[in-house]
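Thanks for coming. I have one model to show, and I will go from the overall layout to the interior.

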Amino acid sequence: MANSLDHSSSSVPNAIEFHNVTKTFGNVVANKDITFSVPKGSIRALIGENGAGKSTSLVERIAAALTDSASDIRIENVVAITFTERAAADLKHKLREKVQALADSGKPGSAEALAGVEFAKVGTIHSFTRSI
């Protein structure tokens, strides 16, 4: 019997998907050919060394999903937990910059997504437990 967080055999749609993602920084390959999905309502962790491209890849996918007219993801449904306040601030800043760039390019839906970035739930586990 599958547990309540195991959506692998159910028809739960995915909140976000990564397909064949490769991220490089100059000559450094941070990750190569990464594919995974996160079903709606599930909890997943993205773990790796500093500089592995976790935040950059995640921000790019969240920004793309937020501005995709076929997506029903909304920023208030996204929760990102980091280890430090600085990492949380950096992640939110990167998300704001990416969505701003999409808005500046005229991508439909990006202005609404940009307005919602301020409400994104990005913080440390301690900040989330204090808010409960």
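Which pattern does the chain follow, read along the sequence? The pattern is β-β-α-β-α-α-β-α, and the secondary structure comes to 4 helices and 4 strands. Please keep in mind that this is a predicted model.

Some totals next. The chain has 132 residues, and 29% of them count as buried. Its accessible surface is about 8900 Å², with 55% of that belonging to carbon and sulfur atoms. Among contacts in the chain with a separation of 6 or more, 58% are between residues 24 or more positions apart.

Now the interior. How many cavities of 30 Å³ or more are there? The count is 1, and the space in this largest cavity is about 70 Å³. Its lining consists of 12 residues; Ile 62, Ala 80, Leu 91, Leu 95 and Val 122 lie nearest the centre. Four elements each supply at least two lining residues: helix 1 (54–66), strand 3 (79–82), helix 2 (85–104) and strand 4 (121–124). By class, 10 of the lining residues are nonpolar and 2 are charged, with no polar ones.

One more residue to look at is Lys 92, which sits in helix 2. Is Lys 92 buried or exposed? Lys 92 counts as buried, because its relative accessible area is 17% and the cut-off for buried is under 20%. Setting aside neighbours within four places in sequence, Lys 92 is in contact with Val 117, Glu 118, Ala 120 and Val 122. Val 122 came up a moment ago, as one of the residues nearest the centre of the largest cavity.

How values were computed. Residues are numbered from 1 along each chain as its sequence is written. This is a predicted model: local features need pLDDT of at least 70, side-chain atom pairs count only at pLDDT 80 or more; totals for chains, interfaces and linings use all residues. Side-chain values use heavy atoms; hydrogens and water are left out. On a 1 Å grid over the protein atoms alone, a cavity is a set of points where a 1.4 Å probe fits but cannot get out, and a pocket is an open set with protein on both sides within 12 Å along at least five of seven lines; lining residues have an atom within 4 Å of a point. Grid points are joined across faces, edges and corners, and a volume is the space filled by probe spheres set on the points. Ala, Val, Leu, Ile, Met, Phe, Trp, Tyr, Cys and Pro count as nonpolar, Asp, Glu, Lys and Arg as charged, and the others, Gly among them, as polar. Buried means under 20% relative accessible area, exposed over 50%, partly exposed in between (1.4 Å probe, protein chains only). Contact means heavy atoms within 4.5 Å. Accessible areas come from the Shrake-Rupley method with a 1.4 Å probe; for residues, only the protein chains shown count as cover.
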